[in-house]
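Subject: Structure handover

Hello,

Here is the structure for your work. My notes on it follow below.

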Amino acid sequence: MHGSPYRADCPTRRIMDRVGDRWTVLVVVALSDGSARFSELNRRIEGISKKMLTQTLRGLERDGLVHRTVHSEVPVRVEYTLTEAGDSLREPLHALQRWSIAHGDVVSAAQEAYDRIERDQQHRPHTRSSPGSPARWAR
């Protein structure tokens, strides 16, 4: 597959959209320890709705990153496992996780400073520049 992810019609763009999705990241990292049932994933990934977890798992299965196994038992047991392609995402996503932990304080401080500047400017509308204007970045 050749192309440029900067082009909207490029297949690599869709792959990057899938892999860069926050729920995908969390599901892949959760499955990196081995197979898990839906209920286990739902408990482990705080804040994800059952609907969003279902959509994410279906998308990952469609993309060949997750394998769904249905065990013919009563009640039916379904497990999700990373495929070889999904497993190959473990290291880059663990690196992203490590980076997020290591730089979380810096990012949080930058967000707080940015938000403080935005709040201060809202109280002085006559001096407020638009977010994309050069004056905004000259501070």
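**Sheet, core and surface**

In this predicted model, three strands make up an open sheet in the order β1-β3-β2, and their pairing is antiparallel. The edge strands, each pairing on one side only, are β1 (36–37) and β2 (66–71). β1 and β3 run antiparallel and are joined by two bridges. Within this pairing, A36 lies opposite Y80 of β3. As background, the strands of a sheet pair through backbone hydrogen bonds, in either a parallel or an antiparallel way.

Y80 also appears in the largest nonpolar core, which has 21 residues; Y80, V27, L31 and L41 are those with the most contacts inside it. Two or more residues each come from α2 (22–31), α4 (50–62) and β3 (77–82). The largest share is that of α2, with seven residues. In general, nonpolar side chains of soluble globular proteins tend to be buried together.

For V27, leaving out residues up to four places away in sequence, the contacts are I45, L53, T56, L57 and L60.

On the surface there is a nonpolar patch formed by L96, W99 and V107, with about 270 Å² of accessible area together. L96 is located in helix α6, which covers residues 90–122. Is L96 buried, exposed or partly exposed? L96 has a relative accessible area of 41%, so L96 counts as partly exposed, because that class lies between the limits of 20% for buried and 50% for exposed.

Regards

Note on methods
Residues numbered from 1 in each chain as written. Predicted model: local features only at pLDDT ≥ 70, side-chain atom pairs only at ≥ 80, totals over all residues. Heavy atoms only, no water. Core = buried A, V, L, I, M, F, W, Y, C linked by side-chain atoms within 4.5 Å. Buried < 20%, exposed > 50% of the residue type's maximum accessible area, 1.4 Å probe, protein only. Helix = DSSP H or I, 4+ residues; strand = E, 2+ residues; numbered from the N terminus. Contact = heavy atoms within 4.5 Å. Pairing = 2+ DSSP bridges. Patch = residues over 30% accessible without salt bridge, like charges linked within 9 Å, V, L, I, M, F, W, Y side chains within 5 Å. Areas by Shrake-Rupley, 256 points an atom, 1.4 Å probe, with all protein chains shown as cover. Salt bridge = Lys/Arg side-chain N within 4 Å of Asp/Glu carboxyl O.
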